[in-house]
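Subject: Structure for your files, with notes

Hello,

Here is the structure we spoke about, with the sequence alongside. My notes follow below it.

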Amino acid sequence: MDIGKKLRELRLQNDLTLGDLASRSELTKGFLSQVERNLTMPSIATLEDILEALGTNLSEFFHEEPESQIVFTTQEFFVDEQEDYKIEWVIPNAQKNKMEPILLTLHPHKKSQEMIAHSGEEFGYVLKGTVTLIQGSKRYKLKAHETFYLEGSKSHYLYNSGSTDARILWITTPPMF
């Protein structure tokens with residue numbers, strides 16, 4: 001950890017000049033400047049004084065959030081192959097997130113799992129093929145490059161009436177798959 005850089009960032013976040021921080025912490029501007037440039041290291045007691053003047057403490061200052069994964073490769077996808085369809089979880093462990101995207105391959109004349117009524121929302125993008133979104137007595141036909149967006153308040157599922165596989169990017173919030 002670059003202590004000097006982090007102290008400078010905290011000072012600037014608090015809209016303080018070196019002079020302001022020097023007054024609040026009862027240290028000199030020169031000393032604080034040297035600390036921020038990593039030319040000198042403060043003692044623990046002095047660091048506590050600086051942090052107090054910045055509105056934080058040692059525990060918060062040294063606490064670092066674990067970096068979350070942003071990019072996922074196809075090798076990390078989890079695949080569930082069923083008789084009627086294949087689900088690819090493109091974000092591993094997405095159930096801990098606010099939304100869950102999957103790639104659904106729906107085989108000809110087969111249907112997806114039924115999505116029971118829930119309080120969230122769903123978005124789908126048909127990448128390939130033709131599907132029918134069935135929600136109660138309503139049917140919505142979608143072809144490649146068309147989308148659906150719905151509230152999850154009614155049970156629904158997708159049906160592939162075509163003779164080739166259909167592929168759909170399907171995103172739910174909260175995670176439902």
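**The hairpin and the sheet**

Strand β1 (residues 78-81) and strand β2 (residues 85-89) run antiparallel and are joined by four bridges. Valine 79 has glutamate 88 in β2 as its bridge partner. The two strands, β1 and β2, make a hairpin, with three residues between them. Please keep in mind throughout that this is a predicted model.

Strand β4 (residues 121-128) has two partners in these notes. With β7 it pairs in the antiparallel sense over five bridges, and there tyrosine 125 is bridged to threonine 147 of β7. With β9, β4 also runs antiparallel, joined by seven bridges; here the partner of valine 126 is isoleucine 168 in β9. In general, side chains in a regular strand alternate between the two faces of the sheet.

**Overall layout**

The protein chain contains five helices and nine strands. Their order from the N terminus is α-α-α-α-α-β-β-β-β-β-β-β-β-β. The radius of gyration of the protein chain is 27 Å, whereas the globule rule gives 16 Å for 177 residues, so the chain is more spread out than a compact globule. The C-alpha trace spans about 75 × 35 × 25 Å along its principal axes.

Of the 177 residues in the protein chain, 35% are buried. Taking contacts between residues at least 6 apart in sequence, 61% join residues at least 24 apart.

**Two nonpolar cores**

The largest nonpolar core has 18 residues, and those that touch the most other members are Leu104, Val131, Phe148, Leu158, Ile168 and Trp170. Two or more residues of this core come from each of β2, β3 (100-106), β5 (130-135), β7 (147-151) and β9 (166-173). Apart from this core lies another, of 14 residues, which include Leu10, Leu16, Leu32 and Val35.

What does leucine 104 touch, not counting residues up to four places away in sequence? The list for leucine 104 is Tyr85, Lys86, Ile87, Ser112, Leu158, Ala166, Arg167, Ile168 and Trp170.

**Aromatic rings**

There are four aromatic pairs in the structure. One of them is phenylalanine 61 with phenylalanine 62, edge-to-face, at 5.0 Å centre to centre and 85 degrees between the planes. Phenylalanine 61 is at 1% relative accessibility and therefore counts as buried. Phenylalanine 62 has a relative accessible area of 40%, so it is partly exposed.

Phenylalanine 148 and tryptophan 170 form another edge-to-face pair, with 5.9 Å centre to centre and 85 degrees between the planes. Phenylalanine 148 is in strand β7 and tryptophan 170 in strand β9, so this pair ties together parts that are 22 residues apart in sequence. Are these two rings buried or exposed? Phenylalanine 148 is buried, at a relative accessible area of 6%, and tryptophan 170 is buried too, at 1% relative accessibility. Phe148 and Trp170 form one aromatic cluster with Phe177.

Two lysines have their charges over rings. Lysine 6 has its charged end over the ring of phenylalanine 61, 5.0 Å from the ring centre. Lysine 111 lies over the face of tyrosine 157, and here the figure is 4.4 Å from the ring centre.

**Two individual residues**

Phenylalanine 31 is placed in helix α3 (residues 29-36). At 23% relative accessibility, phenylalanine 31 counts as partly exposed, because the cut-off for buried is under 20%. Leaving aside neighbours within four places in sequence, phenylalanine 31 is in contact with Thr40, Pro42 and Thr46. How far apart in space are phenylalanine 31 and isoleucine 116, C-alpha to C-alpha? They are 64 Å apart, and 85 residues apart in sequence.

Threonine 73 is in the loop between α5 (58-62) and β1. With 37% relative accessibility, threonine 73 counts as partly exposed. From threonine 73 to histidine 109 there are 36 residues in sequence and 30 Å in space, C-alpha to C-alpha.

Regards

Technical notes
Residues are numbered from 1 along each chain as its sequence is written. This is a predicted model: local features need pLDDT of at least 70, side-chain atom pairs count only at pLDDT 80 or more; totals for chains, interfaces and linings use all residues. Side-chain values use heavy atoms; hydrogens and water are left out. Two strands pair if DSSP finds at least two bridges between them. A nonpolar core is a set of buried Ala, Val, Leu, Ile, Met, Phe, Trp, Tyr and Cys residues joined through side-chain atoms within 4.5 Å. Buried means under 20% relative accessible area, exposed over 50%, partly exposed in between (1.4 Å probe, protein chains only). Contact means heavy atoms within 4.5 Å. Rings of Phe, Tyr and Trp (its six-membered ring) pair if their centres lie within 6.5 Å; planes under 30 degrees apart count as stacked, over 60 as edge-to-face and the rest as tilted. A charge sits over a ring if NZ of Lys or CZ of Arg is within 6 Å of the ring centre and within 35 degrees of the ring normal. The radius of gyration is taken over C-alpha atoms; the globule rule is 2.2 Å times the number of residues to the power 0.38.
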